[in-house]
Amino acid sequence: MSIVEVTRPIVGGVDTHLDVHVAAAVNPVGGLLGVESFPTTPAGYHDLSSWLSSFGPVERVGVEGSGTYGAGLARHLSASGIVVVEVDRPNRQARRRNGKSDELDAIEAARAALSGRASGAAKSATGNVEALRTLLVAKRSARSIRIKTIGQLRHLVITAPDDLRDRLGGLTTKALIRQAIALRPRPGRDPMGHAIKTAIVTLARRVQAINTEIAALDAHIDTLVRATAPALLEVYGVGSDTAAIFLTAAGDNPRRIRSEAAWAKICGVAPVPTGSGKTNGRHRLNQGGNRQANHALWRVVLTRLGQGEPRTVAYMHRRLAEGRTKPEIIRALKRYVAREIFQQIPT
């Protein structure tokens with residue numbers, strides 16, 4: 001009789017960093033097989049996956065920070081056919097109890113993936129949605145700089161000489177930019193006036209340039225959204241920018257979101273139970289989830305209320321008559337909108 005040795009699958013865990021990834025491998029019962037460090041390069045990714053495979057077939061790998069430092073590794077493992085699981089940072093109690101090191105974090109990531117405590121599939125970040133995410137990053141940066149620049153411009157107008165302040169004070173932002181760009185600073189006997197006009201023109205032109213950047217980004221975002229999920233734009237109150245935020249929350253592989261309830265949890269609109277003792281059945285506001293997606297839901301609800309969308313307005317009046325507060329009603333409406341959005345996300 002021949003004895004056939006069966007190689008049991010193993011589970012990996014990775015603690016990711018800027019320059020080095022620390023990987024750990026555990027057997028099916030959580031026993032440690034090994035810990036090793038690898039550089040964050042394509043060759044390092046290949047060596048890491050080969051090292052894990054040397055212990056046996058790799059069932060899954062838990063990666064801490066698969067959307068940041070571990071993005072490249074997660075893409076490499078997924079392309080190799082290995083299931084990648086997103087792992088949250090170890091909680092503070094566990095770190096106080098067991099200590100903190102890269103090796104311990106990698107082992108904890110592997111055991112979290114093995115036990116099922118970490119079960120969410122990582123975003124693939126390889127398609128249109130990842131492109132949308134990068135464009136949204138650039139747009140948020142541009143909007144932030146524009147707000148700061150307009151504030152600086154208005155402050156200069158407030159402190160400018162009386163004739164300039166009378167000319168530019170009290171204008172709308174668009175009118176202020178237009179009038180400021182029309183100024184023609186000329187050097188002369190008044191160096192302060194020349195400097196102030198030069199600064200005002202510089203800031204106004206900066207705002208104008210940023211507006212051009214944002215318009216180009218908006219056009220690119222709209223094109224990608226229409227190519228990826230055109231049905232999202234048919235939802236009342238959802239524009240290209242809001243749709244891009246929802247798609248970014250879902251990722252390039254939205255099949256990882258198993259249900260509409262899971263989507264609500266991602267968006268932070270799933271109530272969290274807080275029952276204990278004699279207070280069973282109580283829930284609190286969910287402060288977790290993707291806060292940008294949560295804010296996008298709030299924008300959709302406010303748009304519907306502001307434009308008098310019949311269903312939303314009727315719901316608001318009915319719940320107000322029942323004694324509910326407006327914040328409570330808006331939270332409920334966000335949950336309903338999340339359901340509509342989930343139905344339009346391509347899977």
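**Notes on a predicted model, starting from Val87**

1. Let's start with Val87: its relative accessible area is 5%, so this residue is buried. The cut-off for that label is under 20%. Bear in mind as you read on that this is a predicted model. Val87 belongs to strand β5. Setting aside residues up to four places away in sequence, Val87 has contacts with Gly62, Val63, Glu64, Gly65, Ala109, Ala112 and Ala118. Glu108 sits 21 residues from Val87 along the sequence, and their C-alpha atoms are 9.2 Å apart.

2. Now look at Glu86, which is also part of strand β5, a run covering residues 83–87. Is Glu86 buried or partly exposed? Its relative accessibility is 27%, so Glu86 counts as partly exposed. Find Gly65 as well: Glu86 and Gly65 are 21 residues apart in sequence, yet 7.1 Å separates their C-alpha atoms in space.

3. Let's zoom out to the whole protein. How many helices and strands does the protein have? There are 13 helices and seven strands. The protein has 347 residues, and 39% of them count as buried. Take the contacts between residues at least 6 apart in sequence: 61% of these join residues at least 24 apart. As for the outside, the protein exposes about 19400 Å², with carbon and sulfur atoms supplying 53% of that area.

4. Next, the inside. In soluble globular proteins, nonpolar side chains tend to be buried together. The largest nonpolar core here contains 40 residues, and Val225, Phe246, Trp263, Leu297 and Ile341 have the most contacts inside it. At least two residues of this core come from each of α5 (128–158), α8 (191–228), α9 (240–250), α10 (260–266), α11, α12 and α13. Which helix gives the largest share of this core? That is α9, with seven residues.

5. Pick Ile341 if you want to see how the core fits together. Neighbours within four places in sequence aside, Ile341 is in contact with Leu232, Val235, Val238, Phe246, Trp263 and Leu297. Three of these names may ring a bell: Phe246, Trp263 and Leu297 are, like Ile341, among the residues with the most contacts inside the core.

6. Helix α9 deserves a closer look. It is mostly covered, with eleven of its eleven residues buried. Among them are Ser240, Asp241 and Thr242 as well as Ile245, Phe246 and Leu247. What do the buried residues of α9 pack against? They pack against α5, α8, α10, α11 and α13. Right after α9 comes Gly251, which has a positive phi, near 90°.

7. Ala243 is a handy example from helix α9. Its relative accessibility is 0%, which means Ala243 counts as buried. Not counting residues up to four places away in sequence, Ala243 touches Val225, Leu232, Leu233 and Val238. Two of those, Leu232 and Val238, are also in contact with Ile341. Pro230 is 13 residues from Ala243 along the chain, and the C-alpha atoms of the two are separated by 9.2 Å.

8. Now for some empty space. Rolling a probe the size of a water molecule over the atoms shows where such space is left. The second largest pocket has a volume of about 530 Å³. It is lined by 22 residues, and the closest to its centre are Pro271, Leu285, Glu328, Arg331 and Ala332. β7 (283–284), α11 (291–306), α12 (310–321) and α13 (326–344) each give two or more residues to the lining. Which element gives the most to the lining of this pocket? The answer is α13, with eight residues. By type, the lining of the second largest pocket has ten nonpolar, four polar and eight charged residues.

9. One last stop, in another helix. Ser53 lies in helix α1, which runs over residues 42–53. The relative accessible area of Ser53 is 42%, so Ser53 is partly exposed. Partly exposed residues fall between the buried limit, under 20%, and the exposed limit, over 50%. Ser53 and Gly12 are 41 residues apart in sequence, while their C-alpha atoms are 9.5 Å apart in space.

Key: Residues are numbered from 1 along each chain as its sequence is written. This is a predicted model: local features need pLDDT of at least 70, side-chain atom pairs count only at pLDDT 80 or more; totals for chains, interfaces and linings use all residues. Side-chain values use heavy atoms; hydrogens and water are left out. Helices (H or I, at least four residues) and strands (E, at least two) are DSSP runs, numbered from the N terminus. Buried means under 20% relative accessible area, exposed over 50%, partly exposed in between (1.4 Å probe, protein chains only). On a 1 Å grid over the protein atoms alone, a cavity is a set of points where a 1.4 Å probe fits but cannot get out, and a pocket is an open set with protein on both sides within 12 Å along at least five of seven lines; lining residues have an atom within 4 Å of a point. Grid points are joined across faces, edges and corners, and a volume is the space filled by probe spheres set on the points. Ala, Val, Leu, Ile, Met, Phe, Trp, Tyr, Cys and Pro count as nonpolar, Asp, Glu, Lys and Arg as charged, and the others, Gly among them, as polar. Contact means heavy atoms within 4.5 Å. Accessible areas come from the Shrake-Rupley method with a 1.4 Å probe; for residues, only the protein chains shown count as cover. A nonpolar core is a set of buried Ala, Val, Leu, Ile, Met, Phe, Trp, Tyr and Cys residues joined through side-chain atoms within 4.5 Å.
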